[in-house]
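Biologist: Please pick one part of this model and take me through it closely, with the cut-offs spelled out as you go. After that, a quick look at the rest would help me place it.

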Amino acid sequence: MPKILLVEDNEMNRDMLSRRLQKRGYTVLIAVDGQPGVDLARTEQPDLILMDMSLPGISGWDASRALKADPATVAIPIIALTAHAMAEDRAKALAAGCNEFETKPVDLNALLAKIEALLPKPAA
Amino acid sequence: MLNRLPLRWRLTLLITGVSAVTLGLSLAGYITLEYLRFRQELTIRTQATERFYAASATAALQANPSAPGFSLKALEAESMIAAAALYSPNNKLLAKYLRSGADEYIPLPRSTRLWDLVNDELISFQPLIVNGELLGTLYLKASSPEEARERLLVPLRGMAALFLGSILIAFFVSRVLQRSISEPIIKLAEAARHIAADRDFSVRVDLESSGESAILIQAFNSMVETIQERDAELNVAYQKAEHARENLAITNAMLAETNRTLEAKVTERTAKLEEAMTAAKEANKAKSSFLAKMSHELRTPMNAIIGYSEILLEDAEDGGDESTAADLRKILSAARHLLGLINDVLDLSKIEAGRMDLYIEQFDPATIIGEVASTIQPLMDKNHNRLALETGENLGSMSADMTKLRQVLFNLLSNAAKFTSNGTITLSAHRVKRDRDWFEFKVSDTGIGMTPEQLGKLFEAFAQAEASTAAKYGGTGLGLAISRQFARLMGGDVTVTSVAGQGTTFSVLIPAVVEAGKGKQPAAAAAKPPAPVAPAAPAANASALPHQGRVLIIDDDTAVHEALTALLGNAGYAVTGTRDGREGLALALAQPPDVVILDMLLPSIDGESILNRFKAVPELEHIPIILVTLSEKEGLGLTLGASDYVTKPIEAHRLLSILTSCRPGQLKTPIMVVEDDAPTREVIVRLLTRENWPVVQAENGRQAIEIMQTAPPSLVLLDLLMPELDGFGVLRAMRVNPDWRDIPVVVLTSIDLTNEIRNLLQQQANRVFQKGTYSKEELLREVRTSVDEFIKRRSVSGVPFPLPKSNSAAPPANPKP
């Protein structure tokens, strides 16, 4: 089962997304801020990270940069979850090393498609 | 020496001297006369003696030639005879007499009788002749020194005394007399000295006098009086000058004060303006941060609502609970609508705040069309519409903000789907090359279409063609406004053509390569240089409306230009625009507009300066200026002479209603032309109607009054000489009626006005034009200014502006859906 790390500070968003992903068979790891997210990624080595950009401590951009700067986590694809249509947020996310982005509120089908596209193919 | 003596001494000496000379001369005369008389007496007496003794001697000689008995001793009685002798013919001395004590000698006889003038002596030789025979000669010598002395010296002594006495008297008299002459002079001199020393012109010489000195004193006094008067006048003049100088000083001080006040006012104004600008900037900043916050704060709960609804919906569907699933779908739909609304409002706010950024990427427009078509399909199916795609070959790729383009196309298509039933909606895409490389997307429907009036408001936020349409078709009414703004951000535009009942076509024009957003500024505004903005495109529908007048827009904000150009163009105005204040002034001078819309915050030269310049040029000062301001500090602009103001974002209805009140063509109350001569009236009426003024005509004063009673005009052009009731009568009638009193009157007359009549008219009429001496521009300017003032006055005073029944009232405000 692919292991997805969800870094999200908003409890409801975290709850909704994790429940819907779990329902579709993904193992979901939860981090509530940038630094725990980076730490968890190092220890747990998830298959993919869903990273909220506006986090209270270390922002999603900083966390993504840290992950992409670390050889241990550089290979893990990151999907940035950004606010609606903020061009600069998206550009910043891509600049920080994120592989893909999805605007919030999350269109689950679109997100699932992006997740599937980024997950390593028949590795399991 | 004499000259050095004081006058009174000179006078004394003169009088005394003259007296002395006179006296001396008379004295000398008297003495001379006395002497001559004495000599004559002596001569007479001597002659008498001589005759006596000659006779006696002759007798004696006749008796005896030697006359022995003859004696001359009796001559002693004659005191004046000093000596006597008797000579014989042979000169022998016969008898002689010598006065005792006299030192005399007897001379030889001579034949002469003479006065010895030296010794005052008379000497006489008398020959004694009888019958031609010389008998002898008688000698007599008379002299009387004592008597002479007595006769001359005694009176001389008395006279000398008299002389001296007279001189003395003359001296004293002259002393008195000279006073009468010298005293006035001395007094005058003293008075003059006093006046000179004390500058006391009240001094008068007070002296009883007569004659020349009186004249002199009088002359002197009158001279002093004249001087006194002059001095008084001089004093008055000096005081006046002093007063004037003081006044001048006060005026100068006041002027300086005014200057200071003026400076203070300027400073205050500048400060206010700066304050307003700062406030505007602050407000803009606050708005931006508010937007950033709100987008997060509003969306987060929406995300939760949508997300949980989706979870519940999935669960319900999985569990086969169809009724719950149906309700959840409604919740989801409503939530998505709400989110869409929120997103639209935020987008619009962002655009208006200049915070909307472009994310330029390269993409294949065909792909977008495919995506949008599949997304919109459910909406098409809902109203049984068919979607037709027309894409030109070799579209190629474009570089633009894909998300925004997708949103624009989706908006237009969903609109078309909403307002069309059982029809065909066509989405076409073509690459067109004009001045540059463009992509043109067209969305055409066969729907209900729109009237020109509806088209005018189409792109306004929250304006749907009919308030009722929102209820019927749903939607926020923001979609078109946002679509156009998105297109314009990319340097393109969205335009529309429509025929009511036949359908509508929206055209989206986007450059093939959109320039990356320049900072936070709206891309189009930053990219284009300041240049006149051409009248807007939608001419097809604009031409259907009557020409309403020329509007000049001076605003550096492209979005404002384009929004207003469309709005006003659709409302029938000819619109010219510029982003530069100075150019605006030049454009206005080249072709004076009917109204100017002026942004207060211009980059190069501020709106206030432009406003001032407009008001300083006689050809432009009458043009109403509507200010566009960011803040509510409108009072500033209005005090500067603006007609009205609108705040950004501009409310279309407010602007249109202001324009209506500004425009002559929109004047509800007409201008009355009162003139009995039909051709003249015709000329004036034509002149006014050409300028869009509504006109009502009257052939004479009585008719004018009748018309006025039902429909008071906003200005009266009045002839003076008319039948039935002349212009003066009309003026009188108007000035006594409180409703008509302030209606401006311009008198047009051919009579030569006397000053009196002219003055009278100028009190009652705004302006008097002599026929044939004014230009039509002058007349029109007067009409404009007077009507403008009249409307302002009426709207300020709250006097209800007489509105006739009219169906061209301002469009009703649309309630927001």
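Modeller: Contact here means heavy atoms within 4.5 Å. With that in hand, let's start at R735(B), which touches W740(B), R741(B), I743(B), V745(B), Q764(B) and A765(B), leaving aside residues up to four places away in sequence. One of those partners, Q764(B), sits 29 residues away along the chain, yet the two C-alpha atoms are separated by 7.5 Å. R735(B) belongs to helix 19 (residues 727-736) of chain B; helices (H or I, at least four residues) and strands (E, at least two) are DSSP runs, numbered from the N terminus. Why is R735(B) counted as buried? Because its relative accessibility is 18%, and buried means under 20% relative accessible area, exposed over 50% and partly exposed in between (1.4 Å probe, protein chains only).

Before going further, the ground rules: this is a predicted model, where local features need pLDDT of at least 70 and side-chain atom pairs count only at pLDDT 80 or more, while totals for chains, interfaces and linings use all residues. Residues are numbered from 1 along each chain as its sequence is written, chains are lettered from A and ligands numbered from 1 in the order in which they are written, and side-chain values use heavy atoms, with hydrogens and water left out.

Now the close look proper, an open sheet in chain B. Its 5 strands run in the order 19-18-20-21-22, with parallel pairing; two strands pair if DSSP finds at least two bridges between them. Strand 19 (695-698) and strand 22 (767-770) of chain B are the edges, each pairing on one side only. On average, neighbouring strands of this sheet are turned by 20° against each other, direction ignored. For such angles, axes are lines fitted to C-alpha atoms, for helices over the stretch in contact, and values run from 0 to 180 degrees between N-to-C directions.

Zoom in on one pairing: strand 18 (residues 671-674) and strand 19 of chain B are linked in the parallel sense over 4 bridges, and there V673(B) stands opposite Q697(B). Helix 17 (residues 678-690) of chain B packs on the sheet and touches strand 18, strand 19, strand 20 (715-719) and strand 21 (745-749) of chain B. The direction of helix 17 of chain B makes about 170° with that of strand 19 of chain B. Helix 18 (residues 701-710) of chain B lies across strand 18, strand 19 and strand 20 of chain B, at about 140° to strand 19 of chain B.

Chain B also has an open sheet with mixed pairing, 5 strands in the order 7-9-10-12-11. Strand 7 (386-391) and strand 11 (493-499) of chain B are its edge strands, and the twist averages 15° from one strand to the next. Within it, strand 9 (residues 424-433) and strand 10 (residues 437-444) of chain B pair in the antiparallel sense over 8 bridges, with R431(B) opposite F439(B). Helix 9 (residues 479-489) of chain B packs on that sheet, touching strand 11 and strand 12 (503-511) of chain B.

Last, chain A: 5 helices and 5 strands, following the pattern β-α-β-α-β-α-β-α-β-α along the sequence. Buried residues make up 49% of its 124 residues.
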